[in-house]
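Take a slow walk through this protein chain. The stops include cysteines, helix pairs, loops and a few single residues.

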Amino acid sequence: MENSAKGKLAREFFHKGANCAQAVACAFTEECGQTSEKMARLASGFGAGMGRMREVCGAVSGMTLVANLIFGPDDIMDKAGKDAQYAHVQALAERFKAETGSIVCRELLGLAPKQSDSPISEARTETYYKKRPCVEMVVLAATILEEYLQNR
């Protein structure tokens, strides 16, 4: 899967300091009718597997956030809309999982099953970027989402 324009943009946001979810979400501000500041705020707690708890990968959460804003139903009683939205989210997650083997942050990072990290994020240094596959995950998620949107 070749890097897309959105993948490159997500990479740029990540290298500027965005967490994984923010990097993906901010790459789609135009499609969501939002500012990058608003998208960064909406996605802020989903980084590092949700608040650094190493659960669902932030890049996958960022894809979900964008899909929610684009496809999600406005009416909470819209069962067909909810079901359709779940289908979008599952399709995106399955594509990501097919490429990586997982959608779980700790598994993607090779951490222990009961990994418990402090809520304090790590400094972004050259060592950080070398030891983490996160930038590749945000590029992949943004690329998957861009292709998904183009096919709709």
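**A walk through the model**

Start with the cysteines. How many disulfides does the structure hold? The answer is 0. A disulfide is a covalent bond between the sulfur atoms of two cysteines. This is a predicted model, and two of its cysteines can be checked one by one.

Take Cys-26. Cys-26 is in no disulfide. The nearest cysteine sulfur belongs to Cys-32 and lies 9.9 Å away. A disulfide needs the two sulfur atoms within 2.5 Å, so that distance of 9.9 Å does not qualify. Cys-26 has a relative accessible area of 4%. Buried means under 20%, so Cys-26 is buried.

Now turn to Cys-57. Cys-57 is in no disulfide either. Here the nearest cysteine sulfur is that of Cys-20, 5.6 Å away. Cys-57 also counts as buried, at 5% relative accessibility.

Next come the helices. Find helix α5, residues 58-71, and helix α6, residues 79-100. The two pack with their axes 10 Å apart. The angle between them is about 150 degrees. Are they roughly parallel or roughly antiparallel? An angle over 145 degrees counts as roughly antiparallel, and therefore α5 and α6 are roughly antiparallel to each other. The crossing of α5 past α6 is right-handed.

Which residues make this contact? On the α5 side they are Ala-59, Val-60, Met-63, Thr-64, Ala-67, Asn-68 and Phe-71. On the α6 side they are Gln-85, His-88, Val-89, Leu-92, Ala-93 and Phe-96. Sort the residues of this α5 and α6 contact by class, and you get 9 nonpolar, 4 polar and no charged residues.

Helix α5 has another partner. Look at helix α4, residues 36-43. The axes of α4 and α5 are 10 Å apart, and the helices pack at an angle of about 120 degrees. Roughly perpendicular covers 65 to 115 degrees, and roughly antiparallel starts over 145. The angle here fits neither range, and α4 and α5 are therefore oblique to each other. Their crossing is right-handed.

From α4, the contact takes in Met-39, Leu-42 and Ala-43. From α5, it takes in Leu-65, Val-66 and Leu-69. What classes do these residues fall into? The contact of α4 with α5 has 6 nonpolar residues, no polar ones and no charged ones.

Stay with α5 for one more residue. Ser-61 lies in this helix. Is Ser-61 buried or exposed? With a relative accessible area of 12%, Ser-61 is buried. Set aside its neighbours within four places in sequence, and Ser-61 is in contact with Phe-46 and Val-56.

Now step into the loop between α4 and α5. Ala-48 is found there, and so is Arg-52, in the loop between α4 and α5. Look at their backbone angles. Most residues other than glycine have a negative phi. Ala-48 has a positive phi, near 55 degrees. Arg-52 is not a glycine, yet its phi is also positive, at about 65 degrees. Both can be checked for burial too. Ala-48 is buried, with a relative accessible area of 18%. Arg-52 counts as buried at 11% relative accessibility.

Another arginine sits further along the chain. Arg-132 is placed in the loop between α8 (126-131) and α9 (134-150). Its relative accessible area is 14%, so Arg-132 is buried. What does Arg-132 touch? Not counting residues up to four places away in sequence, Arg-132 touches Arg-54, Leu-109 and Glu-122.

Finish with two pairs that are separated in sequence. Lys-16 has its place in the loop between α1 (5-15) and α2 (20-26). Exposed means over 50% relative accessible area, so Lys-16, at 66%, is exposed. Follow the chain from Lys-16 to Arg-124, and the two are 108 residues apart. In space, their C-alpha atoms are separated by 9.2 Å.

The other pair begins in helix α1, where Glu-12 has its place. Glu-12 is partly exposed, with a relative accessible area of 43%. Where does Val-135 lie relative to Glu-12? The two are 123 residues apart in sequence, and 9.3 Å apart in space from C-alpha to C-alpha.

Conventions
Residues numbered from 1 in each chain as written. Predicted model: local features only at pLDDT ≥ 70, side-chain atom pairs only at ≥ 80, totals over all residues. Heavy atoms only, no water. Axes fitted to C-alpha atoms, helices over the stretch in contact; angles between N-to-C directions. Helix = DSSP H or I, 4+ residues; strand = E, 2+ residues; numbered from the N terminus. Parallel < 35°, antiparallel > 145°, perpendicular 65-115°, else oblique. Left-handed = near helix turned anticlockwise from the far one by under 90°. Contact = heavy atoms within 4.5 Å. Nonpolar A, V, L, I, M, F, W, Y, C, P; charged D, E, K, R; others polar. Buried < 20%, exposed > 50% of the residue type's maximum accessible area, 1.4 Å probe, protein only.
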